[in-house]
Amino acid sequence: MKLPIGHALTRDEQDAIAAEGIDNWNAYLRRFPKTKDRDRDRVLVEWSGEGSIIRNIYGDEYVDCLGGYGIFSLGHRHPEVVAAVKDQLDRMPLHSQYLVNPITAEAGRRLAEVLPGNLKRTFFCNSGTEAVEGALKLARLHTKKGGFVSTENSFHGKSLGSLSVTGRPVFREPFRPLLQDVTFVPYGSAAAIDKAIGSDTAAVILEPVQGEGGVIVPPEAYWPEVREICTRRGVLLIADEVQTGLGRTGALFGVNHWNVVPDILCLAKALSGGVVPCGSFTTTDEIFAAFHGNPMWHSSTFGNNPLAATAASMAIEITVRDRLSERSARLGADLLRRLRSLQAKHPRVIIEVRGKGLLIGIETKNESVGAVLAERLYAKRILVAYALNKPEVVRIEPPLNIPEDLLDRLVAALDESLAGLVA
Ligand SMILES: Cc1ncc(COP(=O)(O)O)c(C=O)c1O
């Protein structure tokens, strides 16, 4: 399918692309669950994105309040990220892996400049699960211990190592045996972590706010207490900021809310600038030194590529320059307040509204109510999604630079959609 940019599609072309897209998807990829009737479901075929808007193949506009589960903190096709990436594309998208690439080195510096404490040395990779894999390996190498403490209902990715510390049995069970020495404790209890740490524990891994777990915000004292425990017990603390990183929760990093400096911090999703996949984990010089023993203990062909590094540098620059963390905090607080009034109006359908910044969860009475609510919003051209580990929670995760009138539209659409919804 070769179409010049700017080519206005005829209706026949739109129909053909939609039909072919659905057929190809269902024949060659994992079946798309929402496509039951090809002709009726043609509107599900996405075609372009701009800012907080996604357009389907027919040009219908949807407000993106899902934000690719955290990818689109800068919205779709942020013009500065796109321009920088295009320049790099024309110069050198991938790297030799033999010479020094200054673009990737600069992304490392920029990350170090904004990360808390002495988190300084970065390993770039391509996704969230890879960031977690690398962090787990580094923790083992540095501590010479094997075990991990994680939390129930956490989500850290689906490759075998990350899956081993993901606290949702339904994802883990079919793939056993996984890493053996992993203990899961309830999220929010520092005492439980203290108790679970044993003589062979290498690290504790935590999300600042559990995203897929249903947007669970921990008690205020949790992170500082866990930091103190890890330091006292000689165990590393890994912050999985794959979803919370780069302004999502109203601070540049989730751990900043509590002035905690973890030993390793993982990023992905928004680090892409919404344009080129990028992941990373960053640690101190001292901990990273464990990797120096053999540079081949951990490596990635595409990891340090300058195209993704360009996107990452721009994502950091724009987020900081445009004060998007502050914007996320302000818009998130306002949205929480308005959603809580909706809860007061529809108490039988909404159990709780919670969140931090623009990572917000609306807990509905049950899974099917959540699904109907999401469908009704979709019919009103607003995209939201449920939380992977807790499907009754409808998740709101829009771009941090979303125009405020689009959030007004979300609230109005929710109000209308909740009316007459019986739990
Ligand atoms: C906190 C957290 N860690 C890790 C991951 C895995 O990221 P990826 O899907 O890029 O592998 C996710 C994805 O949702 C996540 O939310």
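Strand S8 (residues 236-240) and strand S9 (residues 264-267) run parallel, joined by three bridges. One of these pairings can be found by eye: Ile238 has Ile264 of S9 as its bridge partner. The model shown here is predicted.

S8 and S9 belong to a wider sheet. Seven strands make up this open sheet, in the order S4-S10-S9-S8-S7-S5-S6. The pairing is mixed. At the edges stand strand S4 (121-125) and strand S6 (182-185), each of which pairs on one side only. From one strand to the next, the twist averages 20 degrees. Strands of a sheet pair through backbone hydrogen bonds, and the pairing may be parallel or antiparallel.

A helix lies across this sheet. Helix H9 (residues 222-233) crosses strand S7 (201-206) and S8. The direction of H9 makes about 145 degrees with that of S8.

Now turn to the second open sheet. Four strands form it, in the order S11-S12-S15-S14. Here the pairing is antiparallel. The edge strands are S11 (350-356) and S14 (385-387), and each pairs on one side only. The twist averages 35 degrees from one strand to the next.

Look at the S14 edge. Three bridges tie S14 to strand S15 (residues 390-396), and the two run antiparallel. Within this pair, Ala387 has Lys390 of S15 as its bridge partner.

Helix H12 (residues 324-345) packs on the four-stranded sheet. H12 touches S11 and strand S12 (359-364). Its direction makes about 175 degrees with that of S11. Helix H13 (residues 367-379) lies across S12, S14 and S15. H13 runs at about 30 degrees to S15.

H12 deserves a second look. The helix has 22 residues. From its first C-alpha to its last it reaches 31 Å, close to the 32 Å expected at 1.5 Å a residue. Which residues of H12 are buried? They are Leu324, Ser325, Ser328, Ala329, Leu331, Gly332, Leu335 and Leu339. What covers them? The cover includes helix H11 (306-321), S11, S12 and helix H14 (404-418).

Next, go back along the chain to strands S1, S2 and S3. Strand S1 (residues 46-50) and strand S2 (residues 53-56) run antiparallel, joined by four bridges. Glu50 has Ile53 of S2 as its bridge partner. The two strands form a hairpin with two residues between them. In this hairpin, Gly51 takes a positive phi near 60 degrees.

S2 also pairs with strand S3 (residues 61-64). Three bridges join S2 and S3, which run antiparallel. Here Arg55 has Glu61 of S3 as its bridge partner. S2 and S3 form a hairpin too, with four residues between them. Gly59 sits in the turn and has a positive phi of about 85 degrees.

Last comes the ligand. How many residues surround the ligand? There are 15, and the closest are Gly128, Thr129, Gly157, Val242 and Gln243. Helix H5 (residues 128-143) gives the largest share of this shell, three residues. By type, the shell divides into five nonpolar, seven polar and three charged residues.

Conventions
Residues are numbered from 1 along each chain as its sequence is written. This is a predicted model: local features need pLDDT of at least 70, side-chain atom pairs count only at pLDDT 80 or more; totals for chains, interfaces and linings use all residues. A residue is near a molecule or strand if its C-beta atom, placed from the backbone, lies within 6 Å of it. Ala, Val, Leu, Ile, Met, Phe, Trp, Tyr, Cys and Pro count as nonpolar, Asp, Glu, Lys and Arg as charged, and the others, Gly among them, as polar. Two strands pair if DSSP finds at least two bridges between them. Axes are lines fitted to C-alpha atoms, for helices over the stretch in contact, and angles run from 0 to 180 degrees between N-to-C directions. Two residues are in contact if their C-beta atoms, placed from the backbone, lie within 7 Å. The expected span of a helix is 1.5 Å times one less than its number of residues. A residue is buried if 20 or more other C-beta atoms lie within 10 Å of its own, exposed if 12 or fewer, and partly exposed in between; C-beta atoms are placed from the backbone.
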